[in-house]
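Hi,

Here is the structure I said I would pass on, with some notes on what turned up in it. Have a look at it first, and then read on.

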Amino acid sequence: MVRRVKMKVSVKKGNLADYDCEAVIACHFEDEKKLTGDAEVLDKRCGGLLSRLLKDGDFEGKLFQTSVLYTDTFIKSRRIVFIGMGKRKEFDLEKLRGVFSKAAQKVRDLHLKNFAASLDFGTLDITQENLAESAVEGALLGLYRFTPYKTKEADKTPEVKEFALIAGSPKEVKITKDAAGRAEIISAAVYLARDLVSAPSNEMTPTIIADRARKMVKTRPVAIKVLDEGQMKRLGMNALLGVARGSAEPAKFIIMNYGGGTKGEKPVVLVGKGITFDSGGISIKPSANMDEMKSDMAGGAAVIGAMQALSDLKVPLNVVGIVPATENLPGGKAYKPGDILKSLSGTTIEVKNTDAEGRLILADALTYAGRYKPAAIIDLATLTGACIIALGDHLIGMMGTDDEMKGMVKKAADMTGDYVWELPLWQDYDEMLKSDVADVQNVGGRGAGTITAGLFLKKFVGDYPWVHLDIAGPALLAKEKPYIPKGASGVGVRLLVQFLRNRDSRKDA
Ligand code: BES
Ligand code: ZN
Ligand code: ZN
């Protein structure tokens, strides 16, 4: 699969009005009488072109409101894309990502090859560094398209080739360049996760996802080991192998190891559910929307994406990424309701429903994670439909055993826009998982489906700080968001990376 061209991001010293390009971005906050920052400069240079719109009431600056103006010969750029930022006091980095995404999408809609912007929006209590990182991230993430299978009536809108950020001083140029570089790394990792999730399951089997992980580490200081079914059998990963039995595609257990920290320092282990297709197995799902279950490896994709970004950012931590990967199909050898599986931990599991397969493969992966005596474990999984009922597609369901760690995940979530909402691992629900014949059963009944899934996983996590993220809602979007086109979102990549970056700075403190 050939990756389409990605927009080049450059940082230049100078003035926006003197920069030669096809469009420049001007920003305005809602209901403010006066233009500020570089919008004011552009307006002056263009004889009041922008302020006239405000005066006539044609442009209020409502969030994402967009107008395209033609500049005649006043400035180098032929066009100004005038965009609303919403209310100044409500403005934050999440809105900025959306603004730059919408601006970049407008530039693409106009079939333009390049555009430029500055980050001078008047007084804001946000650092240049953060503005730059979020602006570049927003522009790149908003332009994502998944087109490798469109051979005929492909969207012919050409890709935007270059985005220039203009900064005033050499110091600003340096800060902006560094931040833009980080945003490119992070966005590339989100692109990777989105590509893995968008690919259909016939082209994203466990073998292929393992190959893609191998390809990712090839040019990076990340070690990889992929266990085959024989090796898993010898270890005793029978919960994972039970799920794999119904499929002709061999399961893979992917382990990526990034040693950015000091030798001997306990790693953080990231675990991602890698069901490359979830038919439900013998407890088969209804056919309507079953195609969406190609996205049941979104947790695994987020882990692979995060490993790429961590190593490119050279985050000074030891991090292990684990992706148990298999299909869940109802083949002739498939596991069946009533079957009992002996997991890697030794705990026996009665399979009440073969569609609750994610927790089975994660059980073995979480036990395996214990081998590293980790400083912390985070797992990400499109685990329960119940989480979509509870939280919709705007929030990740967060559960965990360690308050400090949950606080840190929440902080990273608020910084990145991969928002989380905590659900309780309320112990009283645990009895719903009691089996008559085995140590535990794999479903808890109708109520509290996300919590009982979390409580099930907890049984396989050793005594380590652990957070479980149910990403069933935000992983695949039926409708676009400001900087996430419809479809695979890449949720979790930025959250994981930010969590680890914050952890690193905490270490320094
Ligand atoms: N992969 C699904 C969860 C899911 C559903 C993710 C819809 C995204 C969209 C998971 O394996 C599953 O089928 N869970 C069952 C659990 C039930 C049998 C206890 C569910 O949610 O219905
Ligand atoms: Zn399932
Ligand atoms: Zn599933």
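Let me start with a small internal space: the lining of the second largest cavity has 6 nonpolar, 2 polar and 2 charged residues. (Asp, Glu, Lys and Arg count as charged; Ala, Val, Leu, Ile, Met, Phe, Trp, Tyr, Cys and Pro as nonpolar; the others, Gly among them, as polar.)

Please keep in mind that this is a predicted model, in which local features need pLDDT of at least 70 and side-chain atom pairs pLDDT 80 or more, while totals for chains, interfaces and linings use all residues. Residues are numbered from 1 along each chain as its sequence is written, chains are lettered from A and ligands numbered from 1 in the order written, and side-chain values use heavy atoms, without hydrogens or water.

**Cavities and the largest pocket**

Both kinds of space come from a 1 Å grid over the protein atoms alone: in a cavity a 1.4 Å probe fits but cannot get out, whereas a pocket is an open set of points with protein on both sides within 12 Å along at least five of seven lines, and lining residues have an atom within 4 Å of a point. A volume is the space filled by probe spheres set on the points, which are joined across faces, edges and corners.

There are 4 cavities of 30 Å³ or more. The second largest one holds about 60 Å³, and its lining includes Leu16, Ile25, Cys27, Asp38, Asp120 and Phe121. Strand 2 (23-28) and helix 1 (37-45) are the elements that each give two or more residues to that lining, and strand 2 has the largest share, with 3. (Helices, H or I of at least four residues, and strands, E of at least two, are DSSP runs numbered from the N terminus.)

The largest pocket has a volume of about 870 Å³. It is lined by 36 residues, and those nearest its centre are Lys285, Leu383, Thr384, Gly385 and Ala386. By class, that lining has 14 nonpolar, 12 polar and 10 charged residues. Helix 10, helix 11 (385-391) and helix 13 (449-458) each supply at least two of them, with helix 11 giving the most, 4 residues.

**Two zinc ions**

This may be the part you look at most. Donors here are N, O and S atoms within 2.8 Å of the metal (3.2 Å for Na, K and Ca), and sites may look incomplete because water is not among the atoms.

The zinc ion (ligand 3) is held by Lys273 (NZ), Asp278 (OD), Asp296 (OD) and Glu357 (OE) at 2.0 to 2.4 Å. Along the chain these residues follow K-x4-D-x17-D-x60-E. The site has 6 donor atoms with angles of 78 to 174 degrees and is octahedral. (Six donors earn that word if opposite donors are over 155 degrees apart and all others between 65 and 115.) Asp296 sits in the loop between strand 10 (274-278) and helix 9 (298-313), and Glu357 in the loop between strand 13 (348-350) and helix 10 (358-369), so the pair ties together parts 61 residues apart in sequence. Asp296 is buried at 2% relative accessible area, and Glu357 is buried at 1%. (Buried means under 20%, exposed over 50%, and partly exposed in between, with a 1.4 Å probe and protein chains only.)

The zinc ion (ligand 2) has as protein donors Asp278 (OD), Asp355 (O and OD) and Glu357 (OE), at 2.0 to 2.2 Å. Its 6 donor atoms subtend angles of 71 to 168 degrees, which makes the arrangement irregular. The two zinc ions lie 3.2 Å apart, and Asp278 coordinates both. Asp278 is in strand 10 and Asp355 in the loop between strand 13 and helix 10, so this pair links parts 77 residues apart in sequence. Asp278 is buried at 3%, whereas Asp355 is partly exposed at 23%.

**A few smaller points**

Helix 3 (residues 93-109) is mostly covered, with 12 of its 17 residues buried; among them are Leu93, Arg97, Phe100 and Arg108.

Most residues other than glycine have a negative phi. Asp72, however, has a positive phi near 55 degrees; it lies in the loop between strand 3 (66-70) and strand 4 (79-84) and is exposed at 56%. Ala448 has a positive phi too, near 50 degrees, and is found in the loop between strand 17 (440-441) and helix 13, partly exposed at 27%.

Best wishes

Key. Four donors count as tetrahedral if all angles lie between 85 and 135 degrees; four count as square planar and six as octahedral if opposite donors are over 155 degrees apart and all others between 65 and 115; anything else is irregular. The expected span of a helix is 1.5 Å times one less than its number of residues.
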